[in-house]
Amino acid sequence: MILILLGPPGAGKGTIAQALVKTYSIVQISTGDILRGEVKKGSPVGKEAAGYMNAGKLVPDSIIMDCIGIAVQSKECANGFILDGFPRTIPQADALKDLMRNFNLKLNAVINLEVPEDVLLRRLTSRRTCSNTACQAIYNVHTKPTKKEGVCDACGSPVIQRDDETVDVIKQRLVTYKDKTEPLIKYYEKDPLFHTISGLDAAEVMKELGKIL
Ligand code: AP5
């Protein structure tokens, strides 16, 4: 099964992807997580990406396509994968079509999570993420706190606020979303595989996905 999760920052793409991984035994490919891993390692890609990420801008398409090309060819992806945070521009969506054709892969669904902007802002300023790059569990100080403050329930590593989670950067990420990523809704909406779901309630999202997938 191959899925695309679309939606603005804070729509719940990561949260839903992590639930789908458990339900369908498929892999999550989060370009945001891959990039944060590169930043943490201090690799050349990470050094280049950090400037864009911390300014709320998109990382250049060429870097992203290299990351995706490597990820989809890994043996962990043989059973299927969820694209979380990719594609994010029309050129990325075009490049994905070519890549799928070249590897003879078939898309099962494009899911667009819809959430009002005031809710997005509230969620992003109160999100906490596991600092362990192999875990990346997502929490929220209001709706999904860790059992022990500051410690990941799943792996015991510290939970942190991301570098791009200041109010100013979040606002810029929402502007970038509207400008570069929202046009993808028009790009996909005539395709029968495209579905828009309210992202307000994670349990409801999973129920809707159960009907679609
Ligand atoms: P990325 O990491 O992909 O960030 P994002 O798309 O901005 O998405 P988020 O991770 O912020 O939100 P989410 O939708 O996953 O929400 P979550 O589940 O965490 O990208 C970061 C940066 O990397 C980009 O800005 C860009 O620079 C670069 N980048 C990445 N991909 C790129 C690409 N393809 N091209 C170019 N650049 C790229 O939930 C948020 C919070 O809400 C959590 O606290 C969660 O607990 C809570 N929550 C979620 N759902 C619910 C619910 N139903 N009810 C209550 N709370 C909820």
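**Figure 1. Asn104, an exposed residue in a loop.** In this predicted model, Asn104 has a relative accessible area of 73%. The cut-off for "exposed" is over 50%, so Asn104 counts as exposed. Asn104 sits in the loop that runs between α5 and β4, and β4 covers residues 109-114. Its backbone deserves a look too. Phi of Asn104 is positive, at about 55 degrees, yet Asn104 is not a glycine.

**Figure 2. Ser25, another loop residue with a positive phi.** The loop here lies between α1 (13-24) and β2, and Ser25 is part of it. What is the phi of Ser25 near? The angle is near 50 degrees. That is a positive value, and Ser25 is not a glycine.

**Figure 3. The peptide bond between Phe86 and Pro87.** Is this bond cis or trans? The bond from Phe86 to Pro87 is cis. Its omega is near 0 degrees. Pro87 belongs to the loop between β3 and α5.

**Figure 4. Ile90 and its contacts from further along the chain.** Follow the chain into helix α5, and you find Ile90. Its relative accessibility is 31%. Buried residues fall under 20% and exposed ones over 50%, so Ile90 is partly exposed. Which residues does Ile90 touch, leaving aside neighbours within four places in sequence? They are Pro183, Leu184 and Tyr187. Take Pro183 as the example. In sequence, Ile90 and Pro183 are 93 residues apart. In space, their C-alpha atoms are 7.5 Å apart.

**Figure 5. Val39 in helix α2.** Val39 is partly exposed, and its relative accessible area is 31%. Set aside residues up to four places away in sequence, and Val39 touches Gly46, Ala50 and Met53. How many residues along the chain separate Val39 and Ala50? The two are 11 residues apart. Their C-alpha atoms are separated by 6.2 Å.

**Figure 6. Helix α4 and its buried residues.** Helix α4 spans residues 61-72, which makes 12 residues. From first C-alpha to last, α4 reaches 16 Å. That is close to the 16 Å expected at 1.5 Å a residue. Now look at the buried residues of α4. They are Ile63, Ile64, Met65, Cys67, Ile68, Gly69, Ala71 and Val72. What do these residues pack against? Two strands are on the list: β2 (27-30) and β3 (81-84). The helices on the list are α2 (31-41), α3 (44-54) and α5 (90-102).

**Figure 7. Asp168, an exposed residue of helix α7.** Helix α7 covers residues 167-181, and Asp168 is in it. Is Asp168 buried or exposed? Its relative accessibility is 64%, so Asp168 counts as exposed. Compare its place with that of Lys47. The two residues are 121 apart along the chain. Their C-alpha atoms are separated by 21 Å.

**Figure 8. The whole protein chain, as a setting for the close-ups.** The chain has nine helices and eight strands. Its radius of gyration is 16 Å, close to the 17 Å that the globule rule gives for 213 residues, so the chain is as compact as a globular protein of that length. Along the principal axes, the C-alpha atoms fill a box of roughly 45 × 40 × 35 Å. How many of the 213 residues are buried? The share is 46%. Next, take the contacts between residues at least 6 apart in sequence. Of these, 71% join residues at least 24 apart. The accessible surface of the chain is about 11000 Å². Carbon and sulfur atoms account for 54% of that surface. Last come the charges. There are 28 positive and 25 negative ones, and their mean positions are 3 Å apart.

Definitions and conventions
Residues numbered from 1 in each chain as written. Predicted model: local features only at pLDDT ≥ 70, side-chain atom pairs only at ≥ 80, totals over all residues. Heavy atoms only, no water. Helix = DSSP H or I, 4+ residues; strand = E, 2+ residues; numbered from the N terminus. Rg over C-alpha atoms; globule rule 2.2 N^0.38 Å. Buried < 20%, exposed > 50% of the residue type's maximum accessible area, 1.4 Å probe, protein only. Contact = heavy atoms within 4.5 Å. Areas by Shrake-Rupley, 256 points an atom, 1.4 Å probe, with all protein chains shown as cover. Lys, Arg positive; Asp, Glu negative; His and termini not counted. Charge placed at Lys NZ, Arg CZ, Asp CG, Glu CD. Expected span 1.5 Å × (residues − 1).
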